[in-house]
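Reader: I have just opened this protein model and would like a careful walk through it. Could you begin with one residue and then work outwards?

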Amino acid sequence: MRTFLRLQFFAVIAVVLLSGCSQSLNAPVEYYQFEQTIKPMQRTSTDTSAQLRVSTVSLRGALNNRGIAMKLDNNQVNAANYHLWSEAPDQMLTASAHQTLFTALDDWMVITGLPVITAKDQQSYYELEYELHHFNGDSQGNADISGLWRLYYTSFEKGRSLTAIHYFSEVNPLIADDYEGLVASLELNWQNINKQVAATLSALSHE
């Protein structure tokens, strides 16, 4: 009798586990991206006073993961299995930063990739590097983007030199308590960070 009951018990456990696996396998994967509005803009070298190169954003550790990250109470970072970024976060963040800075710095030539040098006066340019230590939601219901940015200046006479380092921490409550709310909140934080950077850089061009 005991053997029979034990077999029944394990059979029930097996059914529960198989049911759970089946539900996980059938769960739909949802993809997310920043919904930054693109406005028609153009700029020429004759209209600008400085050139800025935006380097690809660097994310620490596993944050550059297609699974949207959540920081848990025990300092673990969990990447979602079924809620994914539609592209690699470093590429998405770089494109968003470029667009925000290009819009805000109307007298700068803002580019990504290799410096564009078409004339002697363009051999002097700034380079902006972002290093993100946090890019996630947390168990307190916040969206967190924290890290630092570095600004370099290159001139024909003096070469490349470090101009400034700024640490930042943008932690704000979620717009809505779901993944859509988390994505929207992270995007808003990132735009705020880049607007602050633009304000700092704009002051440089008027010194």
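**From one residue outwards**

Author: At 70% relative accessibility, Thr-46 counts as exposed, a word that stands for over 50% relative accessible area, while buried stands for under 20% and partly exposed for what is in between (1.4 Å probe, protein chains only). Please keep in mind that this is a predicted model, in which local features need pLDDT of at least 70, side-chain atom pairs count only at pLDDT 80 or more, and totals for chains, interfaces and linings use all residues. Residues are numbered from 1 along each chain as its sequence is written, and side-chain values use heavy atoms, leaving out hydrogens and water.

Reader: OK, and where does Thr-46 lie?

Author: Thr-46 is in the loop between β1 (30-32) and β2, where strands (E, at least two residues), like helices (H or I, at least four), are DSSP runs numbered from the N terminus. Its C-alpha is 9.7 Å from that of Met-109, although the two residues are 63 apart in sequence.

Reader: You mentioned β2, so how many of its residues are buried?

Author: Four of the five residues of β2 are buried, which leaves the strand mostly covered.

Reader: And which strands does β2 pair with?

Author: With β6, strand β2 pairs in the parallel sense over five bridges, and with β7 it also pairs in the parallel sense, over three bridges; two strands are said to pair if DSSP finds at least two bridges between them. To find these pairings on your screen, look for Ala-50 and its bridge partner Trp-108 in β6, and then for Val-54 and its bridge partner Leu-128 in β7.

Reader: Which strand is joined to β8, and how do the two run?

Author: Strand β8 (residues 142-155) is joined by 14 bridges to strand β9 (residues 159-173), and the two run antiparallel. They form a hairpin with three residues between them, and one facing pair in it is Tyr-152 opposite Leu-162 in β9.

Reader: Changing topic, which residues touch the most other members of the largest nonpolar core?

Author: Those are Leu-52, Leu-101, Tyr-130, Phe-135 and Trp-190, out of the 38 residues in that core, where a nonpolar core is a set of buried Ala, Val, Leu, Ile, Met, Phe, Trp, Tyr and Cys residues joined through side-chain atoms within 4.5 Å. At least two core residues come from each of β2 (50-54), β4 (67-71), α2 (89-104), β6 (108-112), β7 (125-138), β8 and α3 (179-205). Helix α3 gives the most, with nine residues. In soluble globular proteins, nonpolar side chains tend to be buried together.

Reader: What does Trp-190 touch?

Author: Leaving aside residues up to four places away in sequence, Trp-190 touches Phe-34, Val-57, Leu-93, Ser-96, Ala-97, Tyr-130, Leu-132 and Ile-145, where contact means heavy atoms within 4.5 Å.

Reader: Ser-96 is in that list; is it buried or exposed?

Author: Ser-96 counts as buried because its relative accessibility is 3%. It is found in helix α2 and, again not counting residues up to four places away in sequence, touches Phe-34, Gln-36 and Trp-190.

Reader: Which residue has a positive phi although it is not a glycine?

Author: Asn-75 does, with a phi of about 70°. Its place is in the loop between β4 and β5 (77-85), and it counts as exposed because its relative accessibility is 61%.

Reader: Stepping back, how many helices and strands are there in the protein chain?

Author: The chain has three helices and nine strands, which from the N terminus on run α-β-β-β-β-β-α-β-β-β-β-α. Of its 207 residues, 38% count as buried. Among contacts between residues at least 6 apart in sequence, 69% join residues at least 24 apart.

Reader: Last thing, which elements have the lowest and the highest mean pLDDT?

Author: The lowest mean is in helix α1 (residues 2-26), at 41, and the highest is in strand β3 (residues 58-59), at 98; pLDDT is the predictor's confidence in each residue, from 0 to 100. For the protein chain the mean is 85, and 82% of the residues reach 70 or more. Over residues 1-23 pLDDT stays under 50, and for that stretch the model has zero contacts beyond four places in sequence.
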